[in-house]
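This briefing is organised by topic for a reader with the sequence and coordinates at hand. Please consult the display below alongside the notes that follow it.

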Amino acid sequence: MMNEARIGVGFLATAIGYAGYRQAVDYATTRTQGRGVGDRNPDSKPVPIVQHADVKRMLLAQKSYVEGALALGLFCANLANEQETTDDVEHRHQVGLLLDVLTPIAKSWPSQWCLRANDLAIQVHGGYGYTRDYDVEQFYRDNRLNQIHEGTHGIQGLDLLGRKMAMQNGAGLRLLIGTIHSTIDAARIRGGELAQLGDQLDNSDATP
C-alpha cells in the first residue's frame with residue numbers, strides 16, 4: 001500500500017506540473033511583447049513571447065520534466081500491474097524487485113522536478129504569474145506539498161540507498177542496470193533517432 005501511495009504522489013506531482021506547463025504554453029503563444037530576433041524596426045508589431053529564446057528554453061525544460069516524470073510513473077504503474085496479474089512466480093519476483101528500487105525515485109523525482117516546472121510556468125507568465133489572475137501560482141503552492149507528502153526527499157534517499165540498493169546483495173540495482181541496458185539495446189535495434197538516444201544514454205561504466 002505504501003509503495004502504491006508513493007507512486008500516486010509522483011503521478012499527482014506530474015499532473016500538477018503538466019497543468020502548469022500547458023498553461024505556460026498557452027500564455028506564451030498568445031502574449032505579445034518585444035520584437036523578433038534581428039528585427040530592429042521600431043514600428044514592428046510585438047511578437048508572441050514563445051518566439052524568444054529564453055521562453056523557449058523554459059518551456060522545453062518544463063516539457064522535459066513532466067514528460068520524463070510521466071514516463072517513469074507509467075513504467076512503475078505497469079510493473080505494479082504485472083506484479084498483481086502474472087502467474088509466473090519468478091517474473092513476479094523480478095518485477096517486484098525492480099519496483100521496490102524504483103518506487104522512492106518515482107515519488108521523489110517528480111515531486112522535485114515537476115515543482116520546478118511549476119516555478120518556470122510562473123516565470124513564463126512574468127509578474128502575472130505571481131497573482132491569482134492565473135492558475136500557475138496555485139499549481140506551485142499545491143505541488144509544493146508533494147515533496148513532503150508520503151516521505152520527504154531525505155526519507156526516500158534513506159530508503160533507496162539504505163535499503164533498496166543493499167537488499168538481496170544488490171540484486172535490485174543489478175536488475176535496474178540490466179533493464180536500462182536492455183532498453184538501450186532495443187533502441188539500437190530500432191535504429192534512427194532511437195539508436196542515437198540509446199547511444200547517449202549508454203554509460204560503459206554502469207555494468208551489472
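Leu176 is a residue of helix 6, in a model that is predicted. Leu176 counts as buried because its relative accessibility is 14%, which falls under the 20% limit for that class. The chain that holds this residue comprises seven helices and zero strands.

**Surroundings of Leu176**

- Apart from neighbours within four places in sequence, Leu176 is in contact with Leu98, Val101 and Leu102.
- Leu176 is 51 residues from His125 in sequence, and the C-alpha atoms of Leu176 and His125 lie 39 Å apart in space.

**Overall architecture**

- Read from the N terminus, the order of elements is α-α-α-α-α-α-α.
- The C-alpha trace spans about 70 × 40 × 30 Å along its principal axes.
- Of the 208 residues in the chain, 37% are buried.
- Among contacts in the chain with a separation of 6 or more, 66% are between residues 24 or more positions apart.

**The largest pocket**

- The volume of the largest pocket is about 900 Å³.
- Its lining consists of 26 residues, and those nearest the centre of the pocket are Ala71, Leu72, Ile180, Thr183 and Leu201.
- At least two lining residues come from each of helix 2 (53-85), helix 3, helix 6 (171-190) and helix 7 (192-201).
- Helix 6 contributes the most to this lining, with eleven residues.
- Sorted by class, the lining of the largest pocket contains 18 nonpolar, six polar and two charged residues.

**Packing of helix 4**

- Which residues of helix 4 are buried? In this helix, which covers residues 136-144, they are Val136, Glu137, Phe139 and Asn143.
- These residues lie on the same side of helix 4 because they cover an arc of only 160° around the axis.
- The elements that cover the buried residues of helix 4 include helix 1 (2-30) and helix 3 (89-125).

**Gln156 in helix 5**

- Gln156 is located in helix 5, which runs over residues 153-164.
- With a relative accessible area of 2%, Gln156 is buried.
- Beyond its neighbours within four places in sequence, Gln156 has contacts with Arg6, Pro104, Lys107, Ser108, Glu150 and Gly151.

**Salt bridges within helix 2**

- The structure has nine salt bridges, and two of the pairs described here lie in helix 2.
- One of the salt bridges joins the side chains of Asp54 and Arg57, at 2.8 Å from N to O.
- Asp54 and Arg57 are three residues apart in helix 2, so about one helical turn separates them.
- Asp54 is partly exposed at 43% relative accessibility, and Arg57 is also partly exposed, at 45%.
- Another salt bridge is formed by the side chains of Lys63 and Glu67, with an N to O distance of 2.8 Å.
- Lys63 and Glu67 are separated by about one helical turn because they are four residues apart in helix 2.
- Lys63 has a relative accessible area of 32% and is therefore partly exposed, while Glu67 is partly exposed at 37%.

**Salt bridges beyond helix 2**

- The side chains of Arg188 and Asp202 form a salt bridge, at 2.9 Å from N to O.
- This pair connects distant parts of the chain, with Arg188 in helix 6 and Asp202 in the segment after helix 7, 14 residues apart.
- Both partners are partly exposed: Arg188 has a relative accessible area of 35%, and Asp202 has one of 28%.
- Elsewhere, Arg6, Asp159, Arg163 and Lys164 belong to one network, joined by salt bridges that share partners.
- Arg6 of this network also appears among the contacts of the buried residue Gln156.

**Points to retain**

- Helix 6 holds the buried residue Leu176, supplies eleven residues to the lining of the largest pocket and carries Arg188, which pairs with Asp202.
- Helix 3 is among the elements covering the buried residues of helix 4, and helix 3 also provides at least two residues of the pocket lining.
- Helix 2 likewise supplies at least two residues of that lining, and helix 2 contains the Asp54 and Arg57 pair as well as the Lys63 and Glu67 pair.

Key:
Residues are numbered from 1 along each chain as its sequence is written. This is a predicted model: local features need pLDDT of at least 70, side-chain atom pairs count only at pLDDT 80 or more; totals for chains, interfaces and linings use all residues. Side-chain values use heavy atoms; hydrogens and water are left out. Buried means under 20% relative accessible area, exposed over 50%, partly exposed in between (1.4 Å probe, protein chains only). The arc is that of the directions from the helix axis to the C-beta atoms. Contact means heavy atoms within 4.5 Å. On a 1 Å grid over the protein atoms alone, a cavity is a set of points where a 1.4 Å probe fits but cannot get out, and a pocket is an open set with protein on both sides within 12 Å along at least five of seven lines; lining residues have an atom within 4 Å of a point. Grid points are joined across faces, edges and corners, and a volume is the space filled by probe spheres set on the points. Ala, Val, Leu, Ile, Met, Phe, Trp, Tyr, Cys and Pro count as nonpolar, Asp, Glu, Lys and Arg as charged, and the others, Gly among them, as polar. A salt bridge is a side-chain nitrogen of Lys or Arg within 4 Å of a carboxyl oxygen of Asp or Glu.
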